[in-house]
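Please take a moment to orient yourself in the sequence and the coordinates before reading on. The paragraphs below move from the nonpolar interior to the aromatic pairs and then to some details of the backbone.

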Amino acid sequence: RTLITPAPFDAFLKGAKDAMTAEQKKGLETFMDQGCAGCHFSPFVGGQMYQKFGIFEPYEKYTKSEKVDEGRYAVTKSEGDKYVFKVPVLRNAAMTPPYFHDGSVDRLADAVRIMGKIQLGKDLSKEQLRDIVSFLHALTGKIPAEAGTIPVLPSLE
């Protein structure tokens, strides 16, 4: 019923320096320094482009996906679209497991580790993983109370 879930990150972007914890700010810095923001950009933190899933290595090697999904290729039949998916918005990601297009990964830290490896070609340290996951929690917004109420719809009579 709603896509608006204001998060600490939003307050931080508006200038509230204390809206995010020191660890979340460090995570944002790590997120940007490691290259995550190359695809997950804008206030939406993603959702603005399509990208191959598995740039450096095949995704299924790390996700253990039972079925390999060829992405947009299934629709376009264009070789350039093999394993290409829409980059997801990371808003509320901490609340929305399982991860990836096929739900193959249960833990957020595992998803971040896999993305570092297959998308960036990097083995993120435990500290980098912890910091990025902390930042992702700053993208978790409060769900407005009215989102849980049943709407009164107009009658057809």
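In this predicted model, a convenient place to begin is Leu-136, which touches Phe-31, Leu-90, Leu-108 and Val-112 when residues up to four places away in sequence are not counted. Leu-136 is also among the residues with the most contacts inside the largest nonpolar core, a set of 25 residues in which Phe-9, Phe-31, Val-112, Ile-132, Phe-135 and Leu-139 are likewise listed for their contacts. Helices α2, α5 and α6, the last of these spanning residues 126–137, each supply at least two residues of this core.

Helix α2, which covers residues 22–33, also holds Gln-24. This glutamine has a relative accessible area of 11% and therefore counts as buried, the cut-off being under 20%. Leaving aside neighbours within four places in sequence, Gln-24 is in contact with Ala-19, Ser-134, Phe-135, His-137 and Ala-138.

Turning to the aromatic residues, the model contains five aromatic pairs. In one of them, the rings of Phe-9 and Phe-135 have their centres 5.4 Å apart and their planes at 80°, so the pair is edge-to-face. This pair links distant parts of the chain, since Phe-9 belongs to helix α1 (residues 8–13) and Phe-135 to helix α6, 126 residues apart. Phe-9 is buried at 7% relative accessibility, and Phe-135 is buried as well, with a relative accessible area of 1%.

The pair formed by Phe-53 and Tyr-59 is stacked, with 4.8 Å from centre to centre and 25° between the planes, and both of these residues are buried. Together with Phe-85 and Phe-100, Phe-53 and Tyr-59 form one aromatic cluster.

Phe-100 lies in the loop between β2 and α5, where its phi is near 80°, a positive value in a residue other than glycine. With a relative accessible area of 22%, Phe-100 is partly exposed. The loop between β2 (84–86) and α5 (108–120) also contains Pro-98, and the peptide bond from Pro-97 to Pro-98 is cis, with omega near 0°.

A positive phi, of about 60°, is also found at Val-45, which is not a glycine. Val-45 lies in the loop between α2 and β1 (50–52) and, at 2% relative accessibility, counts as buried.

Finally, Tyr-73 has lysine partners: Lys-77 lies over the face of this ring at 5.6 Å from the ring centre, while the charged end of Lys-82 sits over the ring of Tyr-73, 4.9 Å from its centre.

How values were computed
Residues numbered from 1 in each chain as written. Predicted model: local features only at pLDDT ≥ 70, side-chain atom pairs only at ≥ 80, totals over all residues. Heavy atoms only, no water. Helix = DSSP H or I, 4+ residues; strand = E, 2+ residues; numbered from the N terminus. Buried < 20%, exposed > 50% of the residue type's maximum accessible area, 1.4 Å probe, protein only. Contact = heavy atoms within 4.5 Å. Core = buried A, V, L, I, M, F, W, Y, C linked by side-chain atoms within 4.5 Å. Phe/Tyr/Trp six-rings, centres within 6.5 Å; stacked < 30°, edge-to-face > 60°. Lys NZ or Arg CZ within 6 Å of the ring centre and 35° of its normal.
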